[in-house]
Amino acid sequence: MLIAASGADRLVGRKGADQFVFITNPLKSADSPALNQILDLNSGEDRIRLVTGKGESISDLQYDADSRLLSYTLHDSENHNYHNSIVV
C-alpha cells in the first residue's frame, strides 16, 4: 500500500498488485494545486483509493485516457469546492 497525504506526491508501484491511497486534503489556494502522480500503474491489477476526511465528499470523478488524468472535485465541511487531479 502506497499512501499520499498532502502536497505533491509521486507514488511508484512495485511488482504485483498495488493499492495507491490518496488521503484528500483541500488545497487552501487554487493558485498552487498539488501535482500528484502514479508511476507504474497496472490496469486491472492495481487499485486507486481516494479517502475523504470528516465532512468531505467527492464528486465529478473522471478519467481522461488521452491525458492520463484522473480528476475529481472535493467538497469540504465548509461548503468549499476544490478541483484536484492525479496523473496516472
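**Strand 7 and its surroundings**

Strand 7 is a mostly covered element, with five of its seven residues buried. The model discussed here is a predicted one, and strand 7 makes a handy starting point for walking through it. This strand covers residues 69–75, and two other strands pair with it, as set out below.

On one side there is strand 6, which pairs with strand 7 in the antiparallel sense over six bridges. Strand 6 itself covers residues 57–64. Two of the facing positions can be named: Ile58 sits opposite Leu74 of strand 7, and Tyr63 sits opposite Leu70 of strand 7. Strand 6 and strand 7 make a hairpin with four residues between the strands, and in that hairpin Arg68 adopts a positive phi near 60 degrees.

Then there is strand 8, residues 81–87, which pairs with strand 7 over seven bridges, again in the antiparallel sense. Here Thr73 has His83 of strand 8 as its bridge partner. This pair of strands is a hairpin too, with five residues between them, and the turn holds Asn79 with a positive phi of about 65 degrees. In general terms, the strands of a sheet are held as pairs by backbone hydrogen bonds, in either a parallel or an antiparallel arrangement.

The loop that links strand 7 to strand 8 also contains Asp76. Is Asp76 buried or exposed? Asp76 counts as buried because its relative accessible area is 9%, which falls under the 20% cut-off. Its side chain makes a polar contact with the side chain of Tyr82, at 3.2 Å.

A second acidic residue worth a look is Glu56, in the loop between strand 5 (47–51) and strand 6. With 17% relative accessibility, Glu56 is buried as well. A polar atom of the Glu56 side chain lies 2.7 Å from the backbone nitrogen of Gly53.

Stepping back to the whole chain, there are eight strands and zero helices, so the pattern along the sequence, given these DSSP runs, reads β-β-β-β-β-β-β-β. Of the 88 residues in the chain, 32% are buried. The chain exposes about 5800 Å², and 47% of that comes from carbon and sulfur atoms. As for contacts with a separation of 6 or more, 43% of them join residues 24 or more positions apart.

Another part of the fold is an open sheet of three strands, in the order 1-3-5 and with parallel pairing. Strand 1 and strand 5 each have a single partner strand and stand at the edges, so each has one side without a neighbour in the sheet. Neighbouring strands in this sheet are turned against each other by 20 degrees on average, ignoring direction. Strand 1 and strand 3 pair in the parallel sense over three bridges, and Leu2 stands opposite Phe20 of strand 3.

What fills the largest nonpolar core? It has 11 residues: Leu2, Ala4, Leu11, Phe20, Phe22, Ile38, Leu70, Tyr72, Leu74, Ile86 and Val88. Strand 1 (2–4), strand 3 (19–23) and strand 7 each supply at least two of these residues. Strand 7 gives the largest share, three residues. This fits a broad trend, as nonpolar side chains in soluble globular proteins tend to be buried together.

Within the core, Leu11 is a good example of how the parts meet. Leaving out residues up to four places away in sequence, Leu11 touches Leu2, Ile3, Ala4, Phe20, Val21, Phe22, Gln37, Ile38 and Leu39. Among these contacts are Leu2 and Phe20, the pair that stand opposite each other across strand 1 and strand 3.

Leu50, in strand 5, gives a further view of the core. At 22% relative accessible area, Leu50 is partly exposed, and since buried means under 20%, Leu50 does not qualify as buried. Even so, with residues up to four places away in sequence set aside, Leu50 touches Phe22, Ile58, Leu61, Tyr72 and Ile86. Of these, Phe22, Tyr72 and Ile86 are listed in the core, and Ile58 is the residue opposite Leu74 in strand 7. Leu50 and Phe20 are 30 residues apart in sequence, yet 8.5 Å apart in space from C-alpha to C-alpha.

Key. Residues numbered from 1 in each chain as written. Predicted model: local features only at pLDDT ≥ 70, side-chain atom pairs only at ≥ 80, totals over all residues. Heavy atoms only, no water. Core = buried A, V, L, I, M, F, W, Y, C linked by side-chain atoms within 4.5 Å. Buried < 20%, exposed > 50% of the residue type's maximum accessible area, 1.4 Å probe, protein only. Contact = heavy atoms within 4.5 Å. Areas by Shrake-Rupley, 256 points an atom, 1.4 Å probe, with all protein chains shown as cover. Polar contact = N/O pair within 3.5 Å; in protein donor to acceptor, adjacent residues only side chain to side chain. Pairing = 2+ DSSP bridges. Axes fitted to C-alpha atoms, helices over the stretch in contact; angles between N-to-C directions.
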